[in-house]
Amino acid sequence: MQYVDVASRLLLLTVFVLALASKVSSRRAWSEFVQSIKAMAVIDKARAPAAATATAVAEAGVIVLAAVPLRWAGSASFVLAAGLLGCLTVAVVTVVRRGAAVPCRCFGASTTPLSMAHVARNGILIAVALLGLAASLVNGSFDPAIVAIVGVFGAVLGLLMARWDDLVSLLRTT
């Protein structure tokens, strides 16, 4: 189970590093992220900057906790990730049900509107967080070589999750 913990940590760490970096990489990126929250119309528009800041802080918290090689930190990162993803999923479902064409700013300047594909991606990430949480609660020994392999595997899966829109688009066209 320790290998599941490591792979889950690296997957979520990769996803949240890319997500946070895309939001704070420039003033324009941050402004576009805040505007996308306003366009979602899930909360009062005046609260969008605060919601954007809270999202970024939570993403940073997941990153820091996932990077700390202690069991309690991993567990905390999984709980925080699942909670944040749950909130974001509720917002995405609300937007999709309304039929609004709000672009996904999860990983940068995408023009792809939020859809059920984003709900599916978040569902997968929530499942990874919960699986990682369960794995982080089990004691056991591990082989450092296998840890390295599963860590790389988790990071690669995280990169694929960050390119979800492209993968969905590719599958839709074939």
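**Pockets, helices and a pair of rings**

Pro103 is partly exposed, with a relative accessible area of 23%. That value sits between the 20% limit for buried and the 50% limit for exposed, so the label is the intermediate one. This is a predicted model, and its accessibilities are computed from it. Pro103 belongs to the loop between H4 and H5. Its C-alpha lies 15 Å from that of Ala162, and 59 residues of sequence separate the two.

Go back from that loop to the helix before it. H4 runs from 71 to 98. It has 28 residues and spans 41 Å from its first C-alpha to its last. The expected span, at 1.5 Å a residue, is 40 Å, and the model comes close to it. Just after H4 stands Gly99, with a positive phi of about 80°.

H4 also leads to the largest pocket. Which element supplies the largest share of that pocket's lining? H4 does, with 6 residues. The pocket itself holds about 530 Å³ of space. Its lining counts 30 residues, and those closest to the centre are Phe33, Met40, Thr55, Leu88 and Ala91. Five helices each supply at least two lining residues: H1 (2-24), H2 (27-40), H3 (48-67), H4 (71-98) and H5 (116-136). What is the lining made of: how many nonpolar, polar and charged residues? The division is 23 nonpolar, 3 polar and 4 charged.

The second largest pocket has a volume of about 370 Å³. It is lined by 19 residues, and the closest to its centre are Asp5, Val6, Arg9, Pro69 and Leu70. Two or more lining residues come from each of H1, H3 and H5. Here H1 gives the most, with 6 residues. The lining divides into 12 nonpolar, 4 polar and 3 charged residues.

Phe33, one of the residues closest to the centre of the largest pocket, has a further role in this account. The model contains 1 aromatic pair. Trp30 and Phe33 form it, with 5.8 Å between centres and 55° between planes. The pair counts as tilted because 55° falls between the limits of 30 degrees for stacked and 60 for edge-to-face. Where do the two residues sit relative to each other along the chain? Both are in helix H2, 3 residues apart, so about one helical turn separates them. Their accessibilities fall into separate classes. Phe33 is buried, at 8% relative accessible area. Trp30 is partly exposed, at 25%.

Now turn to H1, the main contributor to the second largest pocket's lining. Ser22 lies in this helix. Is Ser22 buried or exposed? Its relative accessible area is 15%, so Ser22 is buried. A polar atom of its side chain lies 2.8 Å from the backbone oxygen of Ala19. That distance is within the 3.5 Å cut-off for a polar contact.

A last stop is H3, which holds Ala60. Ala60 is partly exposed, with a relative accessible area of 27%. Leu13 stands 47 residues from Ala60 in sequence. In space, the C-alpha atoms of Ala60 and Leu13 are 9.6 Å apart. H3 is also among the helices that line both pockets: it supplies at least two residues to the largest and two or more to the second largest.

Methods:
Residues numbered from 1 in each chain as written. Predicted model: local features only at pLDDT ≥ 70, side-chain atom pairs only at ≥ 80, totals over all residues. Heavy atoms only, no water. 1 Å grid on protein atoms, 1.4 Å probe; cavity = no way out; pocket = protein on both sides within 12 Å on 5 of 7 lines; lining within 4 Å. Points joined across faces, edges and corners; volume = space filled by probe spheres on them. Helix = DSSP H or I, 4+ residues; strand = E, 2+ residues; numbered from the N terminus. Nonpolar A, V, L, I, M, F, W, Y, C, P; charged D, E, K, R; others polar. Expected span 1.5 Å × (residues − 1). Buried < 20%, exposed > 50% of the residue type's maximum accessible area, 1.4 Å probe, protein only. Polar contact = N/O pair within 3.5 Å; in protein donor to acceptor, adjacent residues only side chain to side chain. Phe/Tyr/Trp six-rings, centres within 6.5 Å; stacked < 30°, edge-to-face > 60°.
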